[in-house]
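Me: I'm new to this one. Pick a single part and take me through it slowly, please.

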Amino acid sequence: MQETAMTAADTNYAALKNNALDIIKNNLKNQPLSLQLFDIIKSPSGGSTSFTIPTLSGEIMEKSITGIILDYTTPRAYWDTPDPVEGTPPVCFSSDSLVSHDGKVCADCPFNDFGSKDGETNAKACKESVVLFLLRPDNIMPILVRVPISSKMIFQRYMTRLIGKMIPVSGVVTKITLEKTTNKTGQPYALYNFEAVEALSTEEAENACTFGKKFMELVNASEVTKELQKAG
């Protein structure tokens with residue numbers, strides 16, 4: 001995260017000023033949320049430094065994504081094949097990267113060891129990630145941003161810096177950008193960078209916290225968290 005001075009701003013987020021949750025529930029007819037209902041921003045391949053953003057008129061390329069992180073999950077999953085087909089359920093998974101679905105401690109698992117994936121790289125066989133629920137000004141439905149394991153520590157440092165300033169993650173507007181780099185074998189990939197660019201007003205910060213909690217109640221009552229473990 002870059003250390004820059006944040007400015008307080010009236011950011012005009014539609015979801016924080018309207019009956020957004022009622023609209024969501026009414027349009028879904030109180031059916032549970034599904035992963036298919038979310039726009040998902042995945043990590044670009046080949047070290048690209050642009051995000052592919054779905055819109056009503058098709059996909060567009062953007063150098064950054066900006067919004068309020070309502071909440072995030074830290075899923076991990078293990079497949080017994082090196083390249084599982086998209087949508088394939090894993091052999092083992094965890095919603096918090098701490099305890100597996102069958103109650104085992106992830107830290108004690110051999111598939112959590114660095115180098116366990118193929119013995120040739122430092123990668124773990126059990127795939128970790130961070131999934132952000134990012135709210136943008138023009139949409140009452142957050143998008144999902146998948147942050148790969150290579151950038152998990154960068155995100156955690158960002159969280160720690162917010163903690164140091166006693167700022168909740170949903171109390172700021174976060175800008176996410178990509179930086180091209182290479183791994184030990186020379187393969188290019190993109191690192192995620194996080195920057196707090198605006199501080200929400202007291203009222204908006206409270207509204208964002210309330211909206212985030214209620215929205216995540218809908219998520220946790222559905223199959224979204226479980227669906228996040230599938231290959232994709």
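Reply: Here's a close look at how one helix packs against another. Keep in mind that this is a predicted model, where local features need pLDDT of at least 70, side-chain atom pairs count only at pLDDT 80 or more, and totals for chains, interfaces and linings use all residues. Residues are numbered from 1 along each chain as its sequence is written, and side-chain values use heavy atoms, leaving out hydrogens and water.

Start with helix α1, residues 20–28, and then find helix α3, residues 202–220 (helices are DSSP runs of H or I, at least four residues, numbered from the N terminus). Their axes lie 10 Å apart and make an angle of about 15° (axes are lines fitted to C-alpha atoms over the stretch in contact, and angles run from 0 to 180 degrees between N-to-C directions). That's why α1 and α3 count as roughly parallel (angles under 35 degrees). Their crossing is right-handed (the near helix is turned clockwise from the far one by less than a right angle).

Now zoom in on the side chains. From α1 come A20, L21, I24 and K25, meeting F211, K214, F215 and L218 of α3 (contact means heavy atoms within 4.5 Å). By class, this contact has six nonpolar residues, two charged and no polar ones (Ala, Val, Leu, Ile, Met, Phe, Trp, Tyr, Cys and Pro are nonpolar, Asp, Glu, Lys and Arg charged, the others polar).

Terms used: Helices (H or I, at least four residues) and strands (E, at least two) are DSSP runs, numbered from the N terminus. Angles under 35 degrees count as roughly parallel, over 145 as roughly antiparallel, 65 to 115 as roughly perpendicular and the rest as oblique.
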